[in-house]
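Here is a set of short exercises with worked solutions. Take a look at the sequence and the model, try each task yourself, and then follow the steps.

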Amino acid sequence: RVRIPLPVSNILWEHCIRLANRTLVEGYANVKKCSNEGRALMQLDFQQFLMKLEKLTDIRPIPDKEFVETYIKAYYLTENDMEAWIKEHREYSTKQLTNLVNVCLGSHINKKARQKLLAAIDDIDRPKR
């Protein structure tokens, strides 16, 4: 057995938690269809994950916690709010943003609004190319 110093242990935990949270958002971005109830369950699952993490480690605040929560909550935004949100949140990949818009199609965003939001995502992505 090798003892790991607390600062090193904390760095390892931080990286593991950050990776887990990024993986959660990527998983949510791969969802093809999702109802309001499904998003609520995602929030519940994430809260359970956080509760377990808080028992395992003393790291506070939890790295990238807001990254996951913000993505889940974005599903509930109206068309206009979502357009502003997309422009403000460049930390999410084009794929993650596009899927968010596509999943909202039919639930509370119509096809015309979808095209507008996808164009906004494309405009943000252009400078990167």
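## Exercise 1: Around Phe46

This is a predicted model, and in it Phe46 touches Asn21, Leu24, Tyr28, Lys65, Val68, Glu69 and Ile72, leaving aside residues up to four places away in sequence.

Task: Find which element holds Phe46, and decide whether Phe46 is buried or exposed.

Solution.
- Step 1. Phe46 lies in helix 2.
- Step 2. The relative accessibility of Phe46 is 1%. Buried means under 20%, so Phe46 counts as buried.
- Step 3. Now pick one of the touching residues, Leu24. Phe46 and Leu24 are 22 residues apart in sequence, while their C-alpha atoms are 8.7 Å apart in space.

## Exercise 2: The chain as a whole

Task: Describe the secondary structure of the chain, then work out what share of its residues is buried.

Solution.
- Step 1. Go through the elements from the N terminus on: they run α-α-α-α-α-α. The tally is six helices and zero strands.
- Step 2. The chain has 129 residues, and 35% of them count as buried.
- Step 3. For the surface, the accessible area of the chain is about 8400 Å², with 57% belonging to carbon and sulfur atoms.
- Step 4. For the extent, the C-alpha atoms fill a box of roughly 60 × 35 × 20 Å along the principal axes.
- Step 5. For the contacts, take those in the chain with a separation of 6 or more: residues 24 or more positions apart account for 67% of them.

## Exercise 3: Two domains and their interface

Task: Say where the domains lie in the chain, and describe the area buried between domain 1 and domain 2.

Solution.
- Step 1. The domain assignment gives domain 1 as 1–76 and domain 2 as 78–128. The contact takes 18 residues from domain 1 and 14 residues from domain 2.
- Step 2. Taken over C-alpha atoms, the centres of domain 1 and domain 2 are separated by 23 Å.
- Step 3. About 1300 Å² is buried between domain 1 and domain 2, and carbon and sulfur atoms give 54% of that area.
- Step 4. Look for charged pairs as well: one salt bridge is found across the interface of domain 1 and domain 2.
- Step 5. Another thing to locate in the model is the salt bridge between the side chains of Glu26 and Lys95, with an N to O distance of 2.5 Å.

## Exercise 4: Following the charges

Side chains of opposite charge can pair when their charged atoms come close.

Task: Trace the salt bridges of Arg18 with Glu14 and with Asp64, and explain what the pair of Arg18 and Asp64 ties together.

Solution.
- Step 1. Start with the count: there are seven salt bridges in total.
- Step 2. Glu14 and Arg18 meet through their side chains at 3.0 Å, N to O. Both residues lie in helix 1, four residues apart, about one turn of the helix.
- Step 3. Check how open the two are: Glu14 is partly exposed at 33% relative accessibility, and Arg18 is partly exposed at 31%.
- Step 4. Arg18 also forms a salt bridge with Asp64, with the closest N and O atoms 3.2 Å apart. Arg18 belongs to helix 1 and Asp64 to the loop between helix 2 (36–56) and helix 3 (65–74), so this pair ties together parts that are 46 residues apart in sequence.
- Step 5. Asp64 has 13% relative accessibility and counts as buried.

Task: Compare that with Glu83 and Lys87: how many residues apart are they in helix 4?

Solution.
- Step 1. In the salt bridge of Glu83 with Lys87, the closest N and O atoms are 3.5 Å apart.
- Step 2. Glu83 and Lys87 are four residues apart in helix 4 (residues 79–88), so about one helical turn separates them.
- Step 3. Glu83 is buried, with a relative accessible area of 16%, whereas Lys87 is partly exposed at 45%.
- Step 4. To finish, look at shared partners: salt bridges of this kind join Glu14, Arg18, Arg22 and Asp64 into one network.

## Exercise 5: A nonpolar patch

Task: Which residues make the nonpolar surface patch?

Solution.
- Step 1. The patch is made by Ile4, Val8 and Leu12 and covers about 260 Å².
- Step 2. Take Leu12, which lies in helix 1 (residues 6–29). Its relative accessible area is 45%, so Leu12 is partly exposed.

Terms used
Residues numbered from 1 in each chain as written. Predicted model: local features only at pLDDT ≥ 70, side-chain atom pairs only at ≥ 80, totals over all residues. Heavy atoms only, no water. Patch = residues over 30% accessible without salt bridge, like charges linked within 9 Å, V, L, I, M, F, W, Y side chains within 5 Å. Areas by Shrake-Rupley, 256 points an atom, 1.4 Å probe, with all protein chains shown as cover. Salt bridge = Lys/Arg side-chain N within 4 Å of Asp/Glu carboxyl O. Helix = DSSP H or I, 4+ residues; strand = E, 2+ residues; numbered from the N terminus. Buried < 20%, exposed > 50% of the residue type's maximum accessible area, 1.4 Å probe, protein only. Domains from an automatic or database assignment. Contact = heavy atoms within 4.5 Å. Buried area = accessible area lost by both parts, 1.4 Å probe.
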